[in-house]
Amino acid sequence: MITSAMRPELLEIDNLLDEVLHARKRISDVNLSVGKPPQMEADGRLLPMLGRPPLTADDTMRMARVFLGDSGRLVSQLEENGSCDCAYGMASGARFRVNIFKAAGNIGVVLRVLPTDIPSFESLNMPPIIKELTALTNGLVLVTGATGSGKSTTLASVIDQINKTQSVHIVTLEDPIEFRHEHKCATVNQRELGKDFTTFADGLRAALRQAPKIILVGEIRDRDTVEIALKAAETGHLVLSTMHTIDAGQTINRVVGMFESGEQRVIRVRLADMLRMVVSQRLLPRERGGRIAAVEVMGNNLPVREMIEQGETPERTFYDLIRDGNRIGWQTFDQHIARIYKDRVVTEDVAFAYCSDKSALRHTIDEIKTERGEDTSDLGDLEMAKPARRK
C-alpha cells in the first residue's frame with residue numbers, strides 16, 4: 001500500500017484528505033473530478049469542499065500519478081481497462097480504497113474511506129442469524145449488494161470474530177486489502193491482487209495448497225472463480241465471498257448464468273449442496289442523519305435446494321421462500337425495511353425507494369400506521385369534493 005511517508009510530495013494529498021476528513025462527520029467518499037472542486041460524500045450526499053477551486057485535468061492527473069506510484073501493473077490496467085484499484089494510507093493512519101478511472105479524456109479519482117477499526121456484529125446492527133456464519137466449517141457464503149453497501153465491512157466483522165475465537169488458518173484474497181487483521185487466536189494471511197497473486201481464480205487455486213480452513217475471496221467475477229470456490233467448499237473449506245447482485249434470487253441466477261447451458265444442471269446441483277447463506281445489503285438514509293443497512297438473509301433448506309436445482313417459477317420465487325423463512329431468522333428486504341420504518345429510523349418515502357415489492361410493503365406500512373392511529377388513505381386530511389348540484 002502507498003503511504004505518504006514514502007515521498008514528500010504526497011503531503012499535498014494528505015493535506016487535502018485531512019481537510020476533507022475534518023470537514024464534517026460520516027464522510028464515506030472523496031470525489032476528485034475535473035471541473036468540480038474536491039467533493040466529499042456524507043450520508044449519501046455529494047458536497048463540495050468550500051474555498052477550493054474546480055480541479056483541472058492537470059490536477060487530477062497529478063493526483064492519480066501519486067496514487068499509481070511506480071506500479072507498472074496499475075498503469076497498464078488503467079490504460080487497458082480504463083480504471084484500476086489500489087489502496088492509500090496517510091501518515092495519520094487513515095486509509096482509503098482508491099479507484100482511478102478515465103472519463104471523457106480526463107482522469108478522475110474516487111477514494112473510499114476505510115474504517116481503521118473492524119466493527120462488531122452489534123455495531124453493524126446485523127440480524128442475529130449472521131452470527132451463525134462463524135460456526136460454519138465448510139460451504140459457500142455470499143455477501144451481495146451494490147458498491148458501497150458494506151459487503152467488505154460485514155465480511156471483515158465475520159473474519160474478526162472467527163479470528164478471536166478459533167485456532168484456524170484464514171487466507172484472504174483481496175483487491176485491494178481493506179481491513180488489516182492481526183493474528184489473534186487464528187492465523188490470518190492476507191493476499192492482495194496484483195501483488196501476491198494475478199487473478200482471483202489463481203489465488204484461490206494456490207490457497208487450496210496453503211492448508212486454510214477458511215478462505216475469503218474478495219469478489220466472484222467469473223466462472224473459473226465459481227468453479228474453484230465450489231471445489232474448495234466441497235473439499236471441506238469455508239469460502240466467503242461477495243458479488244455485485246441485488247438480492248438472493250439474482251445471486252443464484254448470476255452464478256448459474258456464468259456457465260454454458262449444458263453445464264448449468266451440474267452447477268445447480270453443486271451450488272444447492274454447498275451454498276450455506278446469501279446475505280444481501282442496501283444502505284438507506286436514516287431519518288435523523290447517517291445511514292443504516294437493510295439486510296436480506298437466505299439460508300439453505302430443502303425448499304431452497306430444490307429451487308436452486310429447478311429454478312424459480314412465476315408462482316414460487318426465492319423471495320417467497322425467504323419471506324416464509326422469517327420464523328427461522330431469514331428476512332426479505334421488505335420485512336427488514338418495515339421494521340426500521342416502524343422504529344421510525346427511516347421515512348416512508350425512503351422505505352418505498354429501497355424496497356423490493358412496493359405492494360407488499362404498502363400493506364405492512366398501512367398496518368403500522370393503523371396501529372399508530374395515522375391516516376392510511378392517499379387523501380390524508382383533504383376533504384372529498386362535494387358533488388355539483390344539478391341545474
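The largest nonpolar core of this predicted model holds 64 residues. Within that core, I130, L275 and M298 have the most contacts. A second, separate core has 31 residues, and the cavity count comes to 1 at a cut-off of 30 Å³ or more.

**The largest core**
- Among the elements, α7 is the one that gives the most to the largest nonpolar core, with 6 residues.
- I130, listed with L275 and M298 for the most contacts inside this core, touches F121, M277, V279 and V297 once residues up to four places away in sequence are set aside.

**The second core**
- This core is separate from the largest one, and its 31 residues include M49, C84, Y88 and V98.

**The cavity**
- Rolling a probe the size of a water molecule over the atoms shows where empty space is left.
- Here, the largest cavity takes in about 30 Å³ of space.
- Its lining is made up of L140, L142, I220, V226, A229, L230 and V255.
- Two or more lining residues come from each of β8 (139-145) and α7 (223-234).
- The largest share belongs to α7, which supplies 3 residues.
- What classes of residue make up the lining of the largest cavity? There are 7 nonpolar residues, with no polar and no charged ones.

**Where the topics meet**
- Helix α7 is worth a look in the viewer: α7 gives the most residues to the largest nonpolar core, and α7 also provides the largest share of the cavity lining.

Note on methods: Residues are numbered from 1 along each chain as its sequence is written. This is a predicted model: local features need pLDDT of at least 70, side-chain atom pairs count only at pLDDT 80 or more; totals for chains, interfaces and linings use all residues. Side-chain values use heavy atoms; hydrogens and water are left out. On a 1 Å grid over the protein atoms alone, a cavity is a set of points where a 1.4 Å probe fits but cannot get out, and a pocket is an open set with protein on both sides within 12 Å along at least five of seven lines; lining residues have an atom within 4 Å of a point. Grid points are joined across faces, edges and corners, and a volume is the space filled by probe spheres set on the points. Helices (H or I, at least four residues) and strands (E, at least two) are DSSP runs, numbered from the N terminus. Ala, Val, Leu, Ile, Met, Phe, Trp, Tyr, Cys and Pro count as nonpolar, Asp, Glu, Lys and Arg as charged, and the others, Gly among them, as polar. A nonpolar core is a set of buried Ala, Val, Leu, Ile, Met, Phe, Trp, Tyr and Cys residues joined through side-chain atoms within 4.5 Å. Buried means under 20% relative accessible area, exposed over 50%, partly exposed in between (1.4 Å probe, protein chains only). Contact means heavy atoms within 4.5 Å.
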